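User: I would like a close look at one part of this protein. Please take the helix that carries the surface patches, and set it in the context of the whole chain.

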Amino acid sequence: KHSKASGAGQSIIGILEVVESDFAKNLAKEETEEADAQSEYEKVTQENKIAKAQKSQDESYKTQESTSLDKTVAEYSADRESANAELSAVLEYYAKIKERCIAKPETYAERAARRAAEIEGLKSALKTLEEETAFVQRGRRAGRRSHSAGFLAAH
């Protein structure tokens with residue numbers, strides 16, 4: 001006959017209870033860690049979504065700003081080109097006016113030649129005047145003589 005082996009069953013049940021307790025403890029620990037990890041994942045995912053939205057918005061604003069700056073640069077470039085063209089025209093006009101308006105110093109040779117020509121012209125004019133004066137005076141003397149001769153003859 002077999003007798004009950006109560007001691008062996010009790011020890012197996014004790015071992016199973018310890019194993020069950022360890023499993024329950026490990027399961028609770030794993031579930032807690034999994035819940036924490038899930039919570040952390042959701043938190044990081046949410047932060048990433050927010051960061052992505054901010055960066056996307058920043059990109060949009062920066063693209064608009066870049067476009068605006070490109071337009072401004074184009075306008076300033078056109079303004080600069082027209083200002084440079086205007087400046088070139090003004091400088092060219094100034095150079096032409098400067099040639100006509102600003103007295104250039106004459107060289108000694110030019111002054112001497114001009115003075116010689118002027119003196120020669122004055123000598124010629126003086127000679128002409130002297131000749132005309134002499135001619136007029138001769139004509140008057142002759143006229144007086146004939147006039148006075150006629151006067152004397154009449155009286």
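Analyst: What follows starts with the whole model, moves along helix α1, and ends with a brief look at helix α2.

This is a predicted model. The protein has two helices and zero strands. Helix α1 covers residues 6-101. Helix α2 covers residues 108-154. Buried residues make up 0% of the 155 residues. The accessible surface comes to about 14,500 Å². Carbon and sulfur atoms account for 58% of that surface.

Now to helix α1. Which residues make the nonpolar patch? Ile15, Val19 and Phe23 do, and the patch measures about 300 Å². Phe23 sits in helix α1. Is Phe23 buried or exposed? Its relative accessible area is 58%. Exposed means over 50%, so Phe23 counts as exposed. That value also passes the patch cut-off, which asks for over 30%.

Next comes charge. A negative surface patch is formed by Glu30, Glu33, Glu34, Asp36, Glu40 and Glu47. One of these residues, Glu34, is placed in helix α1. Residues in such a patch have no salt bridge, because the definition leaves out any that do.

Salt bridges are found elsewhere. Side chains of opposite charge can pair when their charged atoms come close. How many salt bridges does a search of the whole structure find? It finds two.

One of them links Lys96 and Glu92. Their closest N and O atoms are 3.8 Å apart. The cut-off is 4 Å, so this pair qualifies. Where do the partners sit relative to each other? Both are in helix α1, four residues apart, so about one helical turn separates them. Neither end is buried: Lys96 has a relative accessible area of 47%, and Glu92 has 48%. Both values lie between 20% and 50%, so Lys96 and Glu92 are classed as partly exposed.

Helix α2 offers a parallel case. Arg115 forms a salt bridge with Glu118. Here too the closest N and O atoms are 3.8 Å apart. Arg115 and Glu118 both lie in helix α2, three residues apart, about one turn of the helix. Arg115 is partly exposed at 45% relative accessible area. Glu118 is partly exposed as well, at 42%.

To recap helix α1: Phe23 is exposed and belongs to the nonpolar patch. Glu34 belongs to the negative patch. Lys96 and Glu92 form a salt bridge.

Notes:
Residues numbered from 1 in each chain as written. Predicted model: local features only at pLDDT ≥ 70, side-chain atom pairs only at ≥ 80, totals over all residues. Heavy atoms only, no water. Patch = residues over 30% accessible without salt bridge, like charges linked within 9 Å, V, L, I, M, F, W, Y side chains within 5 Å. Areas by Shrake-Rupley, 256 points an atom, 1.4 Å probe, with all protein chains shown as cover. Salt bridge = Lys/Arg side-chain N within 4 Å of Asp/Glu carboxyl O. Buried < 20%, exposed > 50% of the residue type's maximum accessible area, 1.4 Å probe, protein only. Lys, Arg positive; Asp, Glu negative; His and termini not counted. Charge placed at Lys NZ, Arg CZ, Asp CG, Glu CD.
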